[in-house]
Amino acid sequence: MSHEALSVALEREHLQVDAGFGAFLDGLEVGCVDADGLGTTLAALRRHIYLEEQLLFPPISRGAHMMAVFGMIRGHGEIWRTMNALDDLAGAGADCAILRDTCEQLRELLAEHNKVEEPVIYPAADTGLTAEQTAELAGFLTAGRMPDGWTCARAAA
């Protein structure tokens with residue numbers, strides 16, 4: 001990651017996830033269900049949510065960002081449940097129309113979520129972390145892995 005701002009790296013992950021869902025939807029248009037590609041994109045999004053909830057949100061969740069972080073965590077729950085539904089549908093061989101509708105629903109949730117996260121939360125990653133927290137987050141962005149079986153705080157809510 002070198003000297004790149006954390007906010008830039010976090011937004012790039014959003015763009016990569018968006019591109020993954022876009023490629024999945026493009027495949028559906030020609031009748032191709034790329035379950036492997038979908039799985040890779042869902043895994044990337046789950047990992048991204050993990051790094052936010054475990055590394056980014058705790059140190060910035062006090063003071064001015066408290067309510068925004070609370071909203072992000074609540075949004076992660078809805079996103080997580082929709083990811084699980086999409087994953088289940090793809091695994092069950094659902095038809096392309098149902099997969100497309102569910103994927104579009106997920107993309108809409110992400111777009112609304114990112115409208116707050118990118119301008120409000122991510123700048124705090126650049127200014128509101130200690131040097132140690134910054135290094136930990138940067139290291140995770142480069143090579144971190146989400147623990148097996150981890151789910152977001154509001155996955156079941």
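Biologist: In this predicted model, how many nonpolar, polar and charged residues are in the lining of the largest pocket?

Modeller: The lining includes Met72, Ile79 and Val116. Glycines and charged side chains line the pocket too, among them Gly71, Gly75, Arg74 and Glu108. By class, the count is four nonpolar, three polar and four charged.

Biologist: Which element gives the largest share of that lining?

Modeller: Two elements give two or more residues to the lining of the largest pocket, H3 and H4. Six residues come from the element with the largest share. That element is H3.

Biologist: How much space lies in the largest pocket?

Modeller: Residues such as Glu78, Glu112 and His113 line this pocket. The space in the pocket is about 160 Å³.

Biologist: Is Glu13 buried or exposed?

Modeller: Glu13 sits in helix H1, residues 6-29. Beyond four places in sequence, Glu13 touches Arg47, His48, Leu51 and Leu141. Its relative accessible area is 12%. The cut-off for buried is under 20%, so Glu13 is buried.

Biologist: Which element gives the most to the largest nonpolar core?

Modeller: The core has 44 residues. H1, H2, H3, H4 and H5 each give two or more. One of them, with 10 residues, gives the most. It is H2, helix 35-60.

Biologist: Which residues touch the most other members of that core?

Modeller: Take Phe21, one of them. Leaving aside neighbours within four places, its contacts include Leu38, Leu42, Leu45, Leu86, Cys103 and Leu110. Thr41 and Arg107 are also in contact with Phe21. The full set is Phe21, Leu56 and Ile121.

Methods: Residues are numbered from 1 along each chain as its sequence is written. This is a predicted model: local features need pLDDT of at least 70, side-chain atom pairs count only at pLDDT 80 or more; totals for chains, interfaces and linings use all residues. Side-chain values use heavy atoms; hydrogens and water are left out. Helices (H or I, at least four residues) and strands (E, at least two) are DSSP runs, numbered from the N terminus. Buried means under 20% relative accessible area, exposed over 50%, partly exposed in between (1.4 Å probe, protein chains only). Contact means heavy atoms within 4.5 Å. A nonpolar core is a set of buried Ala, Val, Leu, Ile, Met, Phe, Trp, Tyr and Cys residues joined through side-chain atoms within 4.5 Å. On a 1 Å grid over the protein atoms alone, a cavity is a set of points where a 1.4 Å probe fits but cannot get out, and a pocket is an open set with protein on both sides within 12 Å along at least five of seven lines; lining residues have an atom within 4 Å of a point. Grid points are joined across faces, edges and corners, and a volume is the space filled by probe spheres set on the points. Ala, Val, Leu, Ile, Met, Phe, Trp, Tyr, Cys and Pro count as nonpolar, Asp, Glu, Lys and Arg as charged, and the others, Gly among them, as polar.
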